[in-house]
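Good morning, and thank you for making time for this presentation. I would ask you to keep the sequence and the model in view while I speak.

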Amino acid sequence: IAAGCALLLSRPLAELANGIDQLAVLDLRRPVHQMFSRVAEVSRCQRSFEALGRGLDAFARYVPRDVVRMVMSGTMSRESGAMDWHVVTVMFSDIVGFSAMCEVVDLEMLRRVTTEYLQRMCWVIVSTGGALDKFIGDCIMALWNAPRTLPGHQLAACHAALKM
């Protein structure tokens, strides 16, 4: 009986601990899945963990992962000074003639072109040390020297512009 009770607790708790370790390093490659335990308290912890994983995944989709990691580690807070004012380099990039193109291109082609453009430009931004701030239609707003300090951020943004 004792061994059976130990299994009822240890297996779901081990799976839960592995999942928590995964979330702690923002490893969201493996989706959070439904876990099962017959022990009510363990089951409740599992449901809360699953909700936390879904929320963190949604947050990480809309906020640069570097920012999410900094918030999670506690390095970005008003008290830490991470919110102090400093010089950043900002870039706006969009597709020339996009509005006119929208009027003549079918929706599927427009979706493919826009998706490919945004993916390629985001790769260039990130590969040069920049951070994606937001999409504004076909426009991308990117930052260098935020949220992380980047010496030579002006030059890095220029390199990104040339790669684009």
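I shall go through one helix, the core beside it, a loop, and then a few further features. Please bear in mind throughout that this is a predicted model.

Let us begin with helix H5, residues 107-127. How many residues does H5 have, and what span should they give? There are 21 residues, and at 1.5 Å a residue H5 should span 30 Å. The end C-alpha atoms of H5 are 30 Å apart, which agrees with that expectation.

At the N-terminal end of H5, Asp106 acts as a cap. A side-chain oxygen of Asp106 lies 3.1 Å from the backbone nitrogen of Glu108. Beyond the helix comes Gly129, which follows H5 and has a positive phi, near 90°.

Now consider which residues of H5 are buried. They are Leu110, Thr114, Tyr117, Leu118, Met121, Cys122, Val124 and Ile125. These buried residues cover an arc of only 155° around the axis, so they sit on the same side of H5. What do the buried residues of H5 pack against? Their partners are S1, helix H4 (98-104), strand S2 (131-136), S3 and H6. On the other side of H5, the exposed residues are Gln119, Arg120, Trp123 and Val126.

H5 also carries salt bridges. A search of the whole structure finds three of them, and I shall take each in turn. In one, Arg111 pairs with Glu108, and their closest N and O atoms are 2.5 Å apart. Both residues belong to H5 and stand three residues apart, about one turn of the helix. Arg111 counts as partly exposed because its relative accessibility is 44%, and Glu108 is likewise partly exposed, at 36%.

In another, Arg120 pairs with Glu116, with the closest N and O atoms 2.7 Å apart. This pair also lies in H5, four residues apart, about one turn of the helix. Arg120 is exposed, with a relative accessible area of 51%, whereas Glu116 is partly exposed at 39%. To see why these two fall into separate classes, recall that exposed means over 50%.

The remaining salt bridge joins Lys134 to Asp133, the closest N and O atoms being 3.6 Å apart. Lys134 is partly exposed at 39% relative accessibility, and Asp133 is partly exposed at 31%.

We turn next to the interior. The largest nonpolar core has 15 residues, and those touching the most other members are Tyr117, Ile125, Ile140, Trp144 and Ala160. Which elements each supply at least two residues of this core? They are H5, S3 and H6. The largest share, six residues, comes from H5. As for Tyr117, its contacts outside its own stretch of sequence, leaving aside residues up to four places away, are Ser93, Asp94, Ile95, Asp138 and Ile140. There is also a second, separate core of nine residues, and among its members are Leu16, Leu23, Ala60 and Val63.

Now please find Thr89, which is in strand S1 (residues 89-93). Is Thr89 buried or exposed? Its relative accessibility is 15%, so Thr89 counts as buried; the limit for that class is under 20%. The side chain of Thr89 makes a polar contact of 2.6 Å with the side chain of His153. Leaving out residues up to four places away in sequence, Thr89 touches Ala142, Leu143, Trp144, His153, Gln154 and Ala157.

The loop between strand S3 (139-144) and helix H6 (153-163) deserves attention. As background, most residues other than glycine have a negative phi, and most peptide bonds are trans. In this loop we find Asn145, whose phi is positive, near 80°. Asn145 is buried, with a relative accessible area of 8%. Pro147 lies in the loop too, and a cis peptide bond joins Ala146 and Pro147, with omega about 0°.

Finally, look at helix H3, residues 65-73, where Val67, Val68 and Met70 are buried. Seen down the axis of H3, these residues fall within an arc of 165°, so they line one face of the helix. H3 is followed by Gly74, which has a positive phi, near 85°.

To close, I would leave you with H5, whose buried residues lie on the same side because their arc is only 155°. Thank you for your attention.

Terms used:
Residues are numbered from 1 along each chain as its sequence is written. This is a predicted model: local features need pLDDT of at least 70, side-chain atom pairs count only at pLDDT 80 or more; totals for chains, interfaces and linings use all residues. Side-chain values use heavy atoms; hydrogens and water are left out. Buried means under 20% relative accessible area, exposed over 50%, partly exposed in between (1.4 Å probe, protein chains only). The arc is that of the directions from the helix axis to the C-beta atoms. A polar contact is a pair of N or O atoms within 3.5 Å; within protein, one must be able to donate a hydrogen and the other to accept it, and residues adjacent in sequence count only if both atoms are side-chain atoms. Contact means heavy atoms within 4.5 Å. A salt bridge is a side-chain nitrogen of Lys or Arg within 4 Å of a carboxyl oxygen of Asp or Glu. A nonpolar core is a set of buried Ala, Val, Leu, Ile, Met, Phe, Trp, Tyr and Cys residues joined through side-chain atoms within 4.5 Å. The expected span of a helix is 1.5 Å times one less than its number of residues.
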